[in-house]
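Visitor: Please walk me through this model. I want the reasons behind the labels.

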Amino acid sequence: MAQTKTRKTKTQYKTPKPKMRAVKEQAATYSVAPMVLIPTEHPHIARKPSNGEPYVRNVGVTVRAIVEITYRLKQPPEEILEGWEPYLTLAGVYDALSYYHDHKKEIDGIIAANDRVGERALELSRKSAQEYKERQRLKAQRAKKDDR
């Protein structure tokens, strides 16, 4: 019996060349400039230079929001804390209310302007809904007319 030798050949596959990219990749770096707040006579209240509206420091909630929650929604200051703890303190809430009473005319103006914006948005929303209904009605009429 004759033995036959089988020869194993290695199949060589071409390795793909790495593609050169036009833009060199690098890690993204982000820098956040520290926000400069305008101090007020109230220790927990500052103003942002962008819009000038008073905020509770380090929380981002506006004095306007606290005033509206307290006086419009009749929610006591202790309950306001529930959604903002541990960032908002009772001292911050009371200082915001104190700021409001010291600057009542200014904050009432901000609240009125915010209300006007809300009313305008509601008016535009209703108008848009009416226009949509009218377009749908006309579309249905045309479809009915084409079916005849």
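Guide: H1 and H4 are roughly perpendicular to each other. This is a predicted model, where local features need pLDDT of at least 70, side-chain atom pairs count only at pLDDT 80 or more, and totals for chains, interfaces and linings use all residues. Residues are numbered from 1 along each chain as its sequence is written, and side-chain values use heavy atoms, without hydrogens and water.

Visitor: Why are H1 and H4 called roughly perpendicular?

Guide: The label covers angles of 65 to 115 degrees. Helix H1 (residues 63-72) and helix H4 (residues 104-147) pack at about 85 degrees, with axes 10 Å apart. Therefore they are roughly perpendicular.

Visitor: Which residues of H1 and H4 make the contact?

Guide: Contact means heavy atoms within 4.5 Å. H1 supplies Val63, Arg64, Val67, Glu68 and Arg72; H4 supplies Ile107, Ile110, Ile111, Asn114 and Asp115. Five of these residues are nonpolar, one is polar and four are charged.

Visitor: What makes S1 and S2 a pair?

Guide: Pairing requires that DSSP finds at least two bridges between two strands. Two bridges join S1 to S2 (residues 45-47), so the criterion is met. The two strands run antiparallel. Ile38 stands opposite Arg47 in S2.

Visitor: Why do S1 and S3 count as edges of the sheet?

Guide: The open sheet has the order S1-S2-S3. S1 (38-39) and S3 (54-56) each have a single partner strand, so one side of each lacks a neighbour in the sheet.

Visitor: How much of the protein counts as buried?

Guide: Buried means under 20% relative accessible area, with a 1.4 Å probe and protein chains only. Of the 148 residues, 22% count as buried.

Key
Axes fitted to C-alpha atoms, helices over the stretch in contact; angles between N-to-C directions. Helix = DSSP H or I, 4+ residues; strand = E, 2+ residues; numbered from the N terminus. Parallel < 35°, antiparallel > 145°, perpendicular 65-115°, else oblique. Nonpolar A, V, L, I, M, F, W, Y, C, P; charged D, E, K, R; others polar. Buried < 20%, exposed > 50% of the residue type's maximum accessible area, 1.4 Å probe, protein only.
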